[in-house]
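Please read the following report alongside the sequence and the coordinates. It takes up symmetry, enclosed space, cysteines and one glycine in turn.

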There are 2 protein chains.
Amino acid sequence: MTASRTARERVRAELTREIADIARRQLATEGAGGLSLRAVAREMGMVSSAVYRYFPSRDDLLTTLIIDGYNALGEAVEQADAACPDDDYAGRWLAACHAVRTWALAHPHEYALLYGSPVPGYQAPQDTVAARVRDVAVLGRIVSQAQAAGAVDPPALAPAPPAPLREDAERVRELMPGVPDDVVFRCLAAWTGLYGWVSFELFGQFTNTIEDRHTAFDHAMRVMGGAIGLR
Amino acid sequence: MTASRTARERVRAELTREIADIARRQLATEGAGGLSLRAVAREMGMVSSAVYRYFPSRDDLLTTLIIDGYNALGEAVEQADAACPDDDYAGRWLAACHAVRTWALAHPHEYALLYGSPVPGYQAPQDTVAARVRDVAVLGRIVSQAQAAGAVDPPALAPAPPAPLREDAERVRELMPGVPDDVVFRCLAAWTGLYGWVSFELFGQFTNTIEDRHTAFDHAMRVMGGAIGLR
DNA sequence: AAAAAACGAGAGCACTGCTCTTGACGACTG
DNA sequence: CAGTCGTCAAGAGCAGTGCTCTCGTTTTTT
């Protein structure tokens, strides 16, 4: 009973996964806007309307791709962090940065879907919010542990964050307990620097300028890690 | 003769401009992917094929919008810089940052066109490269002048940039003569941090996290200016 | 005034997302 | 076991897209 019902549900789940896989492949080659439900259906040997049994709309397909992407990226960052010695906080930060860049270079269109401009008619549902904290949570954990170990020694760069920012810092601190406001905002700046760099590299802003991109990225991330104060 | 020829060319130029304006308005409301040549034609009371007399393809229309956007942003940054006292280098950097953010908030879809993920089938031609240096040229000028005035005092953040990066630094230095390699890469990091922050804010990565965005941005840019070493 | 170039309009092609209906097959129940 | 009910693939169809081609008309050039 449950078995037979599961039999059907299982083929359904499999087809759903297959559709998502083909869509991801299409996304990888054509880009976000080139993702066509009809093309997916063609490649599956189905008629277009049949796909709608599995994904009510193109946006729902996009949503699963986005969530999967956040999870894949988050997992890559988590693994890179876990491969480092626990107390090498600067090294862990650097490894996490490289993991983000490596994943982005390997999945450029997927990265664009996550961190590029929003797809035209698409409005990201709340489901995607939960998945996207995984990567930044890693950064938060690194800094939080470094702080606890007394391995954060931020150089003087600017006046302390003004009072109105205390609430915002408090919210961010949920991901990095024990970290003072000043360092929290340094992390935010480094975080945006990381993704800004990767986006610039991926979206072509570095053409004819930065050629040795791996080395330049590595150095830039060391600078940002230093700005946080990681030893 | 020239006058009569100019008569036709003038109406052509005017129509071309009008098409671009309508497209820009559509871009502002619908976003990049929602830009439709047919809709532009409808709004102009033309038939769609007539628009192709003025823009051979949708991509050409996009290209002019992009170039115009780069110029508009560059001009905004230039003006913000010019409004500051020449020797207040940190203030000029901050003003330039705020100009970028303000323009981006006022023209979100246009900003997305410039700095977001590339539009699906669209390949940016070389024409767009020339226009996009205007904003970064301002930053380069600020730092270059600060350096000449001895107003750059970079705090120790990381080891010096490794040797392979000298060529890249040389290329970037064309926009900021006299600035040492170390500072060049700090500028690059700050530059990506600036656009990374604006992109995050615009593309929704700060929702439910950073609320006082103006203050947070201001503080983050002060941190980055401090990381460059601007006094 | 005649030839040439530019123009707007229209029809048409191939494509898209999406809806609705139809017919068939499978699974659960009386 | 037979009947019902839900699920499914298929097809037609709608409205929209970018883009091409042709056909008269107008404007410029010769």
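The paragraphs below describe how the chains are related and then turn to selected interior features.

This is a predicted model, in which local features need pLDDT of at least 70 and side-chain atom pairs count only at pLDDT 80 or more, while totals for chains, interfaces and linings use all residues. Residues are numbered from 1 along each chain as its sequence is written, chains are lettered from A and ligands numbered from 1 in the order in which they are written, and side-chain values use heavy atoms, with hydrogens and water left out.

Chain B is superposed on chain A by a rotation of 180° with 0.0 Å of shift along its axis, at an RMSD of 0.1 Å, where the fit is by least squares on the C-alpha atoms of residues with pLDDT of at least 70 in both copies. This is the relation of a two-fold axis. The same surface serves both copies, since 100% of the contact residues of chain B recur in chain A, contact meaning heavy atoms within 4.5 Å.

Four cavities of 30 Å³ or more are found in the whole structure. A cavity here is a set of points, on a 1 Å grid over the protein atoms alone, where a 1.4 Å probe fits but cannot get out, and its lining residues have an atom within 4 Å of a point. Grid points are joined across faces, edges and corners, and a volume is the space filled by probe spheres set on the points. The largest cavity has a volume of about 160 Å³, and of the 16 residues that line it, the closest to its centre are A:Met224, A:Ala227, B:Ala189, B:Met224 and B:Ala227.

Three buried residues of chain A can be set side by side, buried meaning under 20% relative accessible area, exposed over 50% and partly exposed in between (1.4 Å probe, protein chains only).

| Residue | Relative accessible area |
|---|---|
| A:Cys97 | 1% |
| A:Cys187 | 1% |
| A:Gly225 | 5% |

With a disulfide taken as a pair of cysteine sulfur atoms within 2.5 Å, the count over all chains is zero. A:Cys97 is in no disulfide, and the nearest cysteine sulfur, that of A:Cys187, is 11 Å away, which is too far for a bond.

A:Gly225 lies in helix 11 of chain A, helices being DSSP runs (H or I, at least four residues) numbered from the N terminus. Leaving aside neighbours within four places in sequence, A:Gly225 is in contact with A:Trp93 and A:Leu230. The C-alpha atoms of A:Gly225 and A:Tyr89, 136 residues apart along the chain, are separated by 9.4 Å.

Key. On a 1 Å grid over the protein atoms alone, a cavity is a set of points where a 1.4 Å probe fits but cannot get out, and a pocket is an open set with protein on both sides within 12 Å along at least five of seven lines; lining residues have an atom within 4 Å of a point. Helices (H or I, at least four residues) and strands (E, at least two) are DSSP runs, numbered from the N terminus.
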